[in-house]
Structure formats: C-alpha cells, structure tokens
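This explanation leads the reader through a protein structure step by step, from single residues to helices and then to the spaces between them. Please keep the sequence and the three-dimensional view at hand while reading.

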Amino acid sequence: MRVLGIETSCDETAAAVVDGERRILADEVLSQQDDHRPFGGIVPEVAARAHLEHIDGLIERAVEKAGITFADLDAVAATAGPGLIGGVLVGAMTAKALSAVLKKPFIAVNHLEGHALTARLIGNLDFPYLLLLVSGGHCQLLVVEGVGRYRRLGTTIDDALGEAFDKTAIMLGLGYPGGPAVETWAAKGEPKRFPLPRPLKGRPGCDFSFSGLKTKVRQTVEALPQDENGKLTDNDIADICAAFQAAVEDVLANRTANAIAAFRARHLGPAALVVAGGVAANAAIRKRLAALASEQGFRFIAPPPRLCTDNGAMIAWAGIERLRAGLTDGLDFAARPRWPLDPDAPAAAGAGVKA
Amino acid sequence: MRILGFDTATNACSTAIVRDGRVVARRLEPMARGHAERLMPMILEVMDEAGEDFSALDAVAVTNGPGAFTGLRIGLAAARGLALAGRLPCLAVTTLEAVAAGVPEAELHERQLLVVLDAKRADVYAQAFAPDLTPMGEPRALLPDELPTLLMAGGKGRDRCAVVVAGDAAGRALAALDAAGITAIRSAALDSPDAAVVAGLAAARWTPGAMVAKPRPLYLRPPSTTTPKKRRRTR
C-alpha cells in the first residue's frame with residue numbers, strides 16, 4: 001500500500017510517499033521562511049501563492065524519488081484543514097485532481113491527526129495513548145483513542161505555545177521563526193535571573209495559558225537598558241530566553257502530569273506519552289517530558305524533529321491509517337479552516353473562539 | 001482535438017468538454033463561494049456526459065485570472081494537478097479574454113469592447129479590445145474613473161468611441177464612462193468566463209503536441225502586506 005501525502009496548510013509546502021510498511025519512500029519539504037521573514041510572520045496570501053507555485057513540482061519529485069509511478073499509488077491524501085485556508089485549498093484541489101485522473105481514493109486529512117498519528121509511523125504503538133500537541137497554532141493534550149477518535153483533556157485558552165516562542169523572539173530581535181533561536185539562546189543563559197510566571201501551574205485540569213507569560217517577557221525586556229541601536233546585551237537576551245524556556249517547561253510538565261493522571265484513571269496497562277507538533281522539536285522540552293514520562297511509568301515517544309515540523313509524510317501516513325479504516329472522502333469535500341480533533345470537547349473556561 | 005476547460009476565478013464555476021471545436025458537454029453554476037467543492041464533481045459530470053476519459057484528452061484549459069485570488073488558485077491547482085497526473089498540456093487564457101470571446105459579434109460592430117471584472121475593492125480588473133477582439137493593452141487593475149484611458153480616442157466628444165461593456169463589474173464601468181461623457185452599451189454576454197469559450201479559445205491558439213509552460217496566475221496585485229513597524233529591539 002502506497003499513499004501520496006500533500007501538506008500546504010501553513011508555511012511549508014510538502015509532498016511525500018509512504019507505504020504500509022512504514023517506509024517513507026520520499027519526503028519533499030520546501031520551507032517558505034525566506035518569503036515571510038520580511039513581514040515578521042506568516043502572511044496568508046504570500047503563503048497561498050507560494051504553495052501554488054511549488055506543490056505540483058514537489059509532488060512530481062516525490063513520486064520520482066520514491067521510484068514509483070502515479071499508477072502505483074493506492075490513494076491521494078491531503079491536509080484539508082485546519083490551517084490557512086488559501087493554502088489548504090491549493091493542496092486539497094491538487095489532490096482531488098490527482099485522485100480524479102488516477103481513479104484512486106481522495107483522503108481529506110485533518111492536519112492535527114497527521115501530527116497525532118506520526119508516533120505510529122515511526123514505531124509500533126497501540127491505541128490509546130496520551131498526546132501533547134504543541135505547535136505554532138495549537139497547544140492541546142489529547143487521548144488518541146483510535147483513527148478519527150480523540151478525547152481532548154485540555155487546550156490553550158489564549159496563545160499557542162509556538163506563537164509565544166515566536167513573539168518572544170520578535171521582542172528580543174531574534175527574527176522569525178523564533179522557536180529555534182530562543183532555544184539556542186536559552187542554553188547559554190541563566191534561567192533564575194528574571195522571574196517569569198508559570199500560568200495555570202498547580203491548578204487542576206489540563207488547560208494552558210501563555211498570554212500572561214508573553215506580557216511579562218515584554219515588560220522584562222522594556223525594563224532593561226539598551227544601547228543606542230536599541231539592542232540588549234547578549235547576556236540579557238540569553239537570560240530572558242533561559243527564563244522563558246524554564247517557565248514553559250514547568251508549565252508543560254505540570255499540565256502533562258495532570259493529563260497523565262487523567263489518562264491513568266481511565267486506561268490501565270501499558271501507556272505512552274507522545275509529543276508532536278513543531279514545538280516538539282525543542283530538545284529541552286523533550287528532555288523534560290521524557291523525565292516526567294519515565295517517573296510515571298509511561299513510554300515516551302517524540303518523533304525526530306523533521307517529522308515534528310509540518311511535512312507530507314505524516315499526511316501520507318494518516319492517509320494510510322484512514323484508508324485501512326475505510327475512511328475516504330468525496331471530491332466535494334469542503335476544506336475546513338477550523339477542524340477540532342475532538343468536536344465534542346466543551347469550550348475551555350476562559351478560552352477565546354479560536355481555542 | 002479533445003479539451004477539458006474550466007473556470008473558477010469569478011462569480012461562477014463552469015466546466016466543459018470541447019471536441020474539434022464543438023461543445024459536447026457544458027456546466028455553469030453561478031456561485032460566490034463553494035468552487036472548491038463543486039469543481040471536481042462538475043468536471044466528472046461533463047467528462048461522463050461526453051463519454052470522455054482523461055487518458056483520451058489532448059489538453060486541459062483553465063482561466064489564470066485576473067479574479068478572486070482564492071478562486072483562480074482553485075482552478076489553477078486543479079489544472080496543474082490534472083496535467084501532472086494525466087501528462088497533459090495545461091493551457092491558460094485570461095478571464096478577460098474569455099469574457100471578451102463570449103461577446104456576440106453583432107454587438108461588436110465597429111465598437112470597442114471593454115471587459116470589466118469585479119476586484120471586490122475600489123478598483124476593477126479591465127482590458128479593452130478592438131472590434132476584432134485584438135487587445136488594446138495589457139490587463140489592468142484600476143479605478144473605474146480611469147477606465148476611459150484604456151479606450152482609443154477616435155474623435156471628439158460623443159463620437160470619441162462607441163463602446164460595448166461586458167463583465168460582472170459592467171454596471172460600475174458604465175456609470176464611470178457615462179460620467180466621462182462616453183456612450184456605451186451593456187453586452188448581453190455572460191458576465192463571467194464560460195468554460196466552453198475557455199476551451200475553444202485555448203484550442204484555437206494551441207498547436208496540438210506543442211509544449212506549453214505551466215500556467216501562472218495573473219493576480220495583477222501584490223499580496224497586501226505590512227512590514228513590521230520599527231522593532232523594539234533589532235539585532
């Protein structure tokens with residue numbers, strides 16, 4: 001079984017071919033970071049234009065590198081939401097067109113399910129498992145009960161964690177995208193020099209909040225002396241990054257510990273904690289969560305960084321999982337800018353409409 | 001020659017099969033949104049009705065704009081996907097040309113043609129054509145009161161130019177021309193591209209078997225972006 005996966009929901013254009021034996025036969029990713037850098041963040045129209053420009057070429061190359069022809073594919077899967085809808089439509093329409101010509105099923109993949117099932121692409125893992133999904137657009141704790149079956153334990157009530165990383169980076173003049181830069185600087189800093197809050201830490205439940213932390217970072221930055229070019233000293237930058245990284249780790253560990261308890265209350269037997277999404281590429285966060293999992297007797301699974309950030313392989317794999325479950329979609333499928341994994345989850349207390 | 005044509009760039013979704021210059025199946029549905037859901041089913045409907053298979057097509061033809069950014073990308077993404085999987089040439093015509101080609105000859109008699117499409121903003125997308133449909137300039141995005149500058153001055157005052165106006169922003173264009181003292185009539189043609197015309201026009205320009213470049217979108221406007229204000233800190 002071989003499935004083509006197409007990903008165009010944010011600022012990576014990607015196409016991959018994965019087979020039923022978990023082999024990634026081709027994995028093409030084109031980052032648009034250079035296109036968006038001048039704007040200090042992702043511009044949806046710029047992203048959509050770039051996806052259209054490149055996706056067919058990436059697909060052609062992926063099929064070629066996989067050493068197969070289009071006729072060898074069993075299905076065509078594409079991210080159909082959630083995400084920036086202009087880009088999502090480019091990938092979904094390309095996939096629908098391929099599906100029509102090849103007379104193979106079209107599979108509309110929820111981008112979050114792509115992240116959620118990546119752990120099963122890299123190794124044997126049975127349902128259910130606990131998932132911490134942390135990216136630029138999401139921060140959620142979920143029980144993955146099966147393909148298409150999720151129970152949300154908690155979510156951010158304001159900013160996503162990746163967004164907090166990016167905004168911190170911008171305040172410190174580290175540019176876009178900021179996550180990797182903040183992590184690198186944090187390793188050189190002293191985490192205790194600047195006190196930063198740990199929002200919701202110690203409270204019951206599994207929800208997150210990062211806007212207060214972001215505000216405190218801004219106030220800390222504003223209170224520091226700057227040189228005539230408006231620059232902080234390297235020491236100050238490193239210490240703020242270290243304080244931010246430490247606060248984030250404490251919050252994630254505390255909320256995830258609550259989720260582990262909630263998971264244990266319902267599921268006995270072997271258990272696993274999976275971390276996924278772009279922020280899961282952060283090595284210090286992985287280390288902290290691995291320690292927590294080990295204390296609690298949970299297996300810890302973090303996909304390699306290349307499979308944490310947006311990619312086509314996770315969409316192809318989700319396509320394989322859905323195809324095996326008999327879940328295919330019509331060519332009239334409507335792409336969805338918002339598409340929760342657990343549509344029955346109650347709104348988190350204090351959360352905005354996007355949570 | 002068998003060509004599948006389609007358009008999703010403006011206020012309708014349309015698909016058609018044209019075989020040796022004859023329209024054998026055609027669909028056109030007015031819609032403000034929902035093109036991404038309807039396009040592929042409408043393509044399969046005309047393929048079925050024409051008894052056509054992708055493997056027997058000679059080319060696909062699509063409008064590449066100007067129009068709604070998302071709409072024209074829906075058509076172009078589908079066209080480029082069909083072309084890739086079916087190893088088919090992908091031909092493009094502009095929305096303005098397609099609307100122009102749909103204007104009845106009787107209306108064009110010694111009149112210039114102004115095609116004007118809604119850009120969902122203060123400006124419109126427009127292009128002027130001579131009575132024989134030769135373009136009199138490039139497609140432009142401009143304010144309605146700038147439209148007279150696209151027309152050829154053929155004399156003074158009322159006789160300056162006899163004009164027929166087509167497209168879904170014809171109403172705004174007629175008002176602007178009237179204000180400038182230019183006599184114009186409104187075309188009875190469809191105010192959005194007809195896929196059958198798109199396929200026919202593309203076929204007429206293409207030498208079967210000739211290689212064509214991938215169609216590129218004709219946006220006419222850069223993305224609206226703002227560069228960040230002076231950063232609090234810069235490194």
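A residue is called buried when its relative accessible area is under 20%, and exposed when that area is over 50%. The model to which this rule is applied here is a predicted one. With a relative accessibility of 0%, B:C13 therefore counts as buried. A:C308 is buried as well, because its relative accessible area is 1%.

These two cysteines lead to the matter of disulfides. A disulfide is a covalent bond between the sulfur atoms of two cysteines. For the present purpose, two cysteine sulfur atoms must lie within 2.5 Å to be counted as such a pair. Why does B:C13 not form a bond with the closest cysteine sulfur? That sulfur belongs to B:C90 and is 16 Å from the sulfur of B:C13, which is too far for a bond. A similar argument applies to A:C308, because the closest cysteine sulfur, in A:C139, is 14 Å away and thus too far for a bond. Over all chains, the count of disulfides comes to 0.

The helices may be considered next, beginning with helix 3 of chain A, which covers residues 85–102. Its 18 residues, at 1.5 Å a residue, should span 26 Å, and the distance of 25 Å between its end C-alpha atoms agrees with this. The helix is mostly covered, since 17 of its 18 residues are buried. After helix 3 of chain A comes A:K103, which has a positive phi near 55°.

The approach to this helix also deserves attention. The loop between strand 4 (75–79) and helix 3 of chain A contains A:P82. A:P82 is joined to A:G81 by a cis peptide bond, with omega at about -15°. Another cis peptide bond, with omega of about -5°, joins A:F127 and A:P128. A:P128 lies in the loop between helix 4 (111–122) and strand 6 (129–134) of chain A.

Helix 11 of chain A, residues 313–324, permits a further check of length: its 12 residues should span 16 Å at 1.5 Å a residue, and its end C-alpha atoms are 16 Å apart, which agrees. Is this helix mostly covered or mostly uncovered? It is mostly covered, with 11 of its 12 residues buried. Among the buried residues are A:W317, A:E321 and A:R322. Just after helix 11 of chain A, A:G326 takes a positive phi of about 75°.

In chain B, helix 1 has 15 residues and should span 21 Å at 1.5 Å a residue; the 20 Å between its end C-alpha atoms agrees with that expectation. Its buried residues include B:H35, B:A36, B:L39, B:P41 and B:I43. What covers the buried residues of this helix? The cover includes helix 3 of chain A, together with strand 1 (2–7), strand 2 (12–19), strand 3 (22–30) and helix 2 (69–86) of chain B. Just after helix 1 of chain B, B:G51 takes a positive phi of about 65°.

Helix 3 of chain A and helix 1 of chain B appear again in the description of an enclosed space. A search of the whole structure finds 1 cavity of 30 Å³ or more. The largest cavity holds about 40 Å³ of space. Its lining includes A:L89, A:M93, A:F333, B:A36 and B:E37. Helix 3 of chain A gives the largest share of this lining, 4 residues, and helix 1 of chain B supplies at least two. By class, the lining consists of 8 nonpolar, no polar and 2 charged residues.

The second largest pocket holds about 580 Å³ of space. It is lined by 23 residues, of which A:E60, B:A83, B:L84, B:R87 and B:L88 are the closest to its centre. Helix 2 (44–65) of chain A and helix 2 of chain B each give two or more residues to this lining, and the largest share, 5 residues, comes from helix 2 of chain A. The lining is made up of 14 nonpolar, 3 polar and 6 charged residues.

One of the residues at this pocket, B:R87, has a positive phi of about 50° although it is not a glycine. B:R87 belongs to the loop between helix 2 and strand 5 (90–93) of chain B, and with a relative accessible area of 78% it is exposed. B:E110, also not a glycine, has a positive phi near 55°. It is found in the loop between helix 4 (105–108) and strand 6 (112–118) of chain B, and at 67% relative accessibility B:E110 counts as exposed.

Note on methods
Residues are numbered from 1 along each chain as its sequence is written. Chains are lettered from A and ligands numbered from 1 in the order in which they are written. This is a predicted model: local features need pLDDT of at least 70, side-chain atom pairs count only at pLDDT 80 or more; totals for chains, interfaces and linings use all residues. Side-chain values use heavy atoms; hydrogens and water are left out. On a 1 Å grid over the protein atoms alone, a cavity is a set of points where a 1.4 Å probe fits but cannot get out, and a pocket is an open set with protein on both sides within 12 Å along at least five of seven lines; lining residues have an atom within 4 Å of a point. Grid points are joined across faces, edges and corners, and a volume is the space filled by probe spheres set on the points. Ala, Val, Leu, Ile, Met, Phe, Trp, Tyr, Cys and Pro count as nonpolar, Asp, Glu, Lys and Arg as charged, and the others, Gly among them, as polar. The expected span of a helix is 1.5 Å times one less than its number of residues. Buried means under 20% relative accessible area, exposed over 50%, partly exposed in between (1.4 Å probe, protein chains only). Contact means heavy atoms within 4.5 Å.
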